[in-house]
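Student: I would like a close look at the aromatic ring pairs in this model, and then at the sheets, cores and backbone around them. Please take it slowly and give me the geometry as you go.

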Amino acid sequence: MSLKAVSLNIFSIFPVISGDTLVLRGRTGPQGQSPKERILHLADVVAPRMGNQTREDEPWAFESRDFLRALAVGKEISFTSTHSFPSNDDVTRDFGIAEIGGVDVASEMLQNGWAKVKESKRDPTEDDIRKRDIEAEAKAAGKGLWNSHGPQARAVHQTMPPDSQAFVSEWKGKSIDALVEQVRDGSTLRVRLFMPDGEHQMVNIALAGQGEPSEPWAEEAKFFTESRLLQRSVRVIILSLPTSIATPFQAGANSAPPPPASIFIGTVLHPAGNVAEHLVAAGLARVVDWHAGMLAAGGGMERLRAGEKAAKEKRACLYANVPTASASITHSNGTANGHARVFDGTVIRVWSGDQISVIDKESGKERRLQLSSTKGPKLSDPKQAYCAQEAREFLRKKLIGKHVKVMVDFVRPRDGEYEERECATVRYGNQNSNIAEQLVEKGLASVVRHRRDDEDRSSDYDKLMAAEQVAVAETRGIHSGKEQPAVKPPVNISESGARATTFINGFKRQGKVSAVVDYVASGSRFKLFLPKDNQSLTLVLNGIRAPRTARNPSERSEPFGQEAADFATRRYMQRDVEFEVDTVDKSGGFIGTLWLKSENVAISLVKEGLASVHSFSADGLSWSTQLYAAEAEAKQAHQNLWENYDEAAEKAAQAPPTEDDPGRLKSEYLDVIISDVRAENGFSFSVQILNTEGIATLEKLMRDFSLHHRVAHPAPPNFVPKAGDLVSAKFSDGSWYRAKIRRASPVKREAEVTFIDYGNQDSVSFSNIRPLDPKFRSLPGQAQDARLSFIRLVASESEYHADAVQRFRQLCEGRKLVANIDYKEGATLHLRLIDPNDPVATQDPLACINADLLREGLASIDRKGCKYLGAYPHIMSKLQTAVAEAKRDRAGMFEFGDVEEDE
């Protein structure tokens, strides 16, 4: 066999195997191909063998190999092959003589005592004798293997630590000296850790911040790492176990301990730097997003991103075919759907734990935003509902009503039931804090895992990942693994009028009550949430009327109804407020006052011209003067509702009555109760006027009257009551009441009487009538005859008459109402009746039971009996609208045609 000298560099895929065996590589190919390997066994010498998982190191094996490693790795070598062995793995194996820089490697090993001369059966040559002399000198000097004290005792752990979590917890973030034993691929290494106690621990390390490159660059990445790290002394910082994805709401306490890990994630530092950063910059590895958390502290992720950006710009390796990146969407002059991508605004609503609405300061438009790369818990999922509420409340407290800076990162296109949505990074406060980062760090949201090539992500994506790492490590929120308490829906105390009434006294005792505006139904109607009691209620603002908004697509809003609702939504939605209750309406809504800090919401709406003063309810308020002043200001400025306001026309309408207009009376609202309804001989009724001295006196009089009649008082002999007499008469309930004789019949021995305090009429036998004692005569009768202003019920001959009377009884009889006297006809009052518990009446000063009866087709406008109609043009307009609605709906008497009784 001929001998051939070859010059090679040592670039080991496998480590220097032992003190007598080297792995050689040729130079890199012309196209950058990895060179082929060959193994060289030093001829005529033998060194101790390194151990593995099945056998231990031979004495001095590590020291022998380490000496050769330090001598040879990375240096150019020339060798002469004496003979070769055939190989099954395509790797050439040679026995030969090697020199480094003119120094014979075998002689160097013998001289330092790290190898022995191999026993040979052939006759010794001159070279053999020389080597034995060198060996003898080393032995005499006690070098290396010949050290009389023997090798240092140490344990070498060839397998990964059995308690992976404990090992990581002990050494996380600490720098450990190590030696790279093997490069499995471009980002995975097997290293020997030199532990402080002298033990050697073998571990597998995945380079933090990068993933294994895909074909066709895997070989190049592996060679890149091998050529720089294999058999090199490095420092290793262990960072984490390989848990790639946070798993919110996973079971915690009862879960089994994890099995031993087969690999750790860490940083490998060579004196020349972090190889992961160099790999990424060379385009031979991609950045792993979820490693951001473990690399955030030292700025490692920023350096990796910078390297990634440089590789993309150079179109290096993995990025050779990546299209040129378009201009960054984060430029301040960029647009998204025609809107600025970067803008200042005010948060007006929190929709969920990851969605908010912001009013663009410049355009004034509302923009609904999704927090970029952030996913909040779902309220619809019972397991997530508690954290979903916590996330929403966190955003509300931090952002609602606050100034924010918004940068739209990307626009998520419409996908099935999900609408197109702007996804943005939102910052607030003097520190420009990213609200999504805070949300994730508290464990109230998770970070979306994007595809590797998906550039549509948060501009602070790495910080989000780092925040999530903190939340996972601290087991916060959705990562706690704890069973969260079930979310109890708030109790709706406005469910019905009866239920609301039970709370009104408690609210009045409390005065101002703290709440949160949960929903704005219209300009003056709010749904409030009481966190302390987990209750919700409807609050209607007292003293004003805001235009109504459409409740469904088939309805139309009143003029400026939507504007009023929008104003209230933007200004008060989800704000911390206080409210005070005055009364409750029949539907369960509380009527009262709402404050945002010191701002009276009703006054603000009126000042903006988005509500008008409701005189009847406003006059009793302590702040009515401010309310009227606000309305006057809005009128003068022609704000919204008052855009066509004519001051001269209003003054003319408010002018006192003239001789041509004798019927109009000044508004006079009274609290009344309908004490009696009479359908015979024409429709009429009686009322008692409440909150007067007379009613209080009547209560005392009736107590005395009842005591008086407990003792039998026979009628005087030959007593015959006459028309007009005041008497005591027994009613059908068996009690005695004051009454007045309408007519008497001596033949029948009975009289028709009117009970003067209640208005009832009845026929009473003379035996149940007594002269009225003078001491009960001083108080005038408390019942007053009345009729409905402007209208009359359908005639008695109509088939709808009974329905009309019954409906009036349902609405009025025995109930406390508010009445306005529109006309006085002798002792009969013409009344417009208002139900104070009707939510419409609290909003519309012209709403009344009179109009309701017209709207139901059970009454008509009384053009003959009410000569004063012309004195109330605004009310007539309201009544005519009600008639038109009845005709349109074919209600009551209009069921079979558009014909009024007058026609």
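Tutor: With ring centres within 6.5 Å as the rule for a pair, the count comes to 20 aromatic pairs. Please keep in mind that this is a predicted model.

Let's begin with Phe526 and Tyr572. Their ring centres are 6.3 Å apart and their planes stand at 80°, so this pair is edge-to-face; the cut-off for that label is an angle over 60 degrees. The two residues come from distant parts of the chain: Phe526 belongs to strand S30 (residues 525-530) and Tyr572 to helix H13 (residues 561-572), with their positions 46 residues apart in sequence. Are these two residues buried or exposed? Phe526 and Tyr572 are both buried.

A second pair is made by Phe790 and Tyr868. Here the centres are 5.5 Å apart and the planes make an angle of 65°, so this pair is edge-to-face as well. Phe790 is in the loop between strand S44 (783-788) and strand S45 (791-793), while Tyr868 is in the loop between strand S48 (859-861) and helix H22 (873-889), so the contact of their rings ties together parts that are 78 residues apart in sequence. Phe790 and Tyr868 are both buried.

Ring pairs can also join up: Phe731, Tyr737, Phe755 and Tyr758 are linked by them into a cluster. Charged groups meet rings too. The charged end of Lys512 sits over the ring of Trp595, at 4.0 Å from the ring centre. In another case, Lys174 has its charged end over the ring of Trp171, 5.5 Å from the centre.

Now for the strands. Strands of a sheet pair through backbone hydrogen bonds, in either a parallel or an antiparallel sense. One open sheet has 5 strands in the order S42-S41-S40-S39-S43, with antiparallel pairing. Strand S42 (761-765) and strand S43 (769-771) are at the edges with a single partner strand each, so one side of each has no neighbour in the sheet. On average, neighbouring strands of this sheet are turned by 45° against each other, direction ignored. Within the sheet, 5 bridges join strand S39 (residues 726-730) to strand S40 (residues 736-745) in the antiparallel sense. As one point of register, Leu726 faces Lys740 in S40.

Strand S44, which you met beside the loop of Phe790, is also part of a closed barrel. The barrel has 5 strands in the order S37-S38-S44-S47-S46, and its pairing is mixed. From one strand to the next, the twist averages 55°. Strand S37 (residues 669-678) and strand S38 (residues 684-689) run antiparallel and share 6 bridges, with Arg678 opposite Ser684 in S38. Helix H19 (residues 801-812) lies across S37, S38, S44, strand S46 (816-825) and strand S47 (828-834), and runs at about 140° to S37.

What about the nonpolar cores? The largest has 74 residues, of which Leu193, Val236, Phe264, Ile356 and Val406 touch the most other members. Strand S14 (residues 233-240) makes the greatest contribution to this core, giving 5 residues. A second, separate core has 51 residues, including Leu670, Ile674, Leu817 and Leu833. To return to Val406, its contacts beyond four places in sequence are Arg341, Val342, Phe343, Val358, Leu369, Ala424, Thr425 and Val426.

Another valine worth a glance is Val23, found in strand S2 (residues 21-25). Val23 has a relative accessible area of 2%, so it counts as buried. Its C-alpha atom is separated by 9.4 Å from that of Val73, although the two residues are 50 places apart along the chain.

Finally, two backbone angles for your list. Thr475 has phi near 45°, a positive value in a residue other than glycine. Thr475 is in the loop between helix H11 (461-473) and strand S28 (491-492), and its relative accessible area of 45% makes it partly exposed. His638 likewise has a positive phi, near 55°. His638 lies in the loop between helix H16 (624-636) and helix H17 (647-653) and, at 40% relative accessibility, is partly exposed.

How values were computed. Residues are numbered from 1 along each chain as its sequence is written. This is a predicted model: local features need pLDDT of at least 70, side-chain atom pairs count only at pLDDT 80 or more; totals for chains, interfaces and linings use all residues. Side-chain values use heavy atoms; hydrogens and water are left out. Two strands pair if DSSP finds at least two bridges between them. Helices (H or I, at least four residues) and strands (E, at least two) are DSSP runs, numbered from the N terminus. Axes are lines fitted to C-alpha atoms, for helices over the stretch in contact, and angles run from 0 to 180 degrees between N-to-C directions. A nonpolar core is a set of buried Ala, Val, Leu, Ile, Met, Phe, Trp, Tyr and Cys residues joined through side-chain atoms within 4.5 Å. Buried means under 20% relative accessible area, exposed over 50%, partly exposed in between (1.4 Å probe, protein chains only). Contact means heavy atoms within 4.5 Å. Rings of Phe, Tyr and Trp (its six-membered ring) pair if their centres lie within 6.5 Å; planes under 30 degrees apart count as stacked, over 60 as edge-to-face and the rest as tilted. A charge sits over a ring if NZ of Lys or CZ of Arg is within 6 Å of the ring centre and within 35 degrees of the ring normal.
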